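Let's walk through one helix together, a question at a time. Have a look at the model first.

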Amino acid sequence: MTERKLFDREAALERVEGDLELYFELIDMFFDTSSTEIQGIEEALRSQDSKLVSSRAHAIKSAVGNLGAMTCFDLAFEIEKAGKAGDLSSIAALLARLTSEVEGFKREVSAFRAQNS
């Protein structure tokens with residue numbers, strides 16, 4: 001996996017055509033649901049439901065990709081692929097990394113928001 005930016009501001013703002021208000025609304029929606037989404041992957045992993053792991057990872061991947069959280073996108077994609085392949089052995093480690101990256105992304109976005117308020 002090629003290492004990418006934790007927060008690609010340019011790509012994120014391009015997706016919302018520079019509309020910071022819209023971007024921050026999308027960020028708030030993601031932050032409101034991200035813990036639940038990650039817990040959903042954990043639950044699917046505990047029940048050994050690879051299809052659900054893949055589905056939940058896909059949802060996270062789509063959200064973070066639109067928000068410019070590129071390392072989170074890459075990790076969610078790896079989880080999604082592993083789920084599709086039925087290989088649940090690597091998912092716990094990937095999920096721990098994803099959780100950590102989401103927290104880092106939250107910090108970067110909070111600083112970005114403070115600069116643009």
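Q: Which helices do the buried residues of α3 pack against?
A: This is a predicted model, where local features need pLDDT of at least 70, side-chain atom pairs count only at pLDDT 80 or more, and totals for chains, interfaces and linings use all residues. Residues are numbered from 1 along each chain as its sequence is written, and side-chain values use heavy atoms, with hydrogens and water left out. Helices are DSSP runs of H or I, at least four residues, numbered from the N terminus. Packing here rests on contact, meaning heavy atoms within 4.5 Å, and the partners are α1, α2 (20-46), α4 and α5 (91-115).

Q: Where around the axis of α3 do its buried residues lie?
A: Buried means under 20% relative accessible area (1.4 Å probe, protein chains only), and in α3 this holds for V53, S54, A57, I60, K61, V64, G65 and L67. They cover an arc of only 145° around the axis, taken from the directions from the helix axis to the C-beta atoms. That arc puts them on the same side of α3.

Q: What is the relative accessible area of S54?
A: S54 sits in helix α3. Beyond its neighbours within four places in sequence, S54 touches E80, G83 and K84. S54 counts as buried, because its relative accessible area is 6%.

Q: How far apart are the end C-alpha atoms of helix α3?
A: The expected span is 1.5 Å times one less than the number of residues. For the 18 residues of α3 (residues 50-67), that gives 26 Å. The model agrees, since the end C-alpha atoms are apart by 26 Å.

Technical notes
Helix = DSSP H or I, 4+ residues; strand = E, 2+ residues; numbered from the N terminus. Buried < 20%, exposed > 50% of the residue type's maximum accessible area, 1.4 Å probe, protein only.
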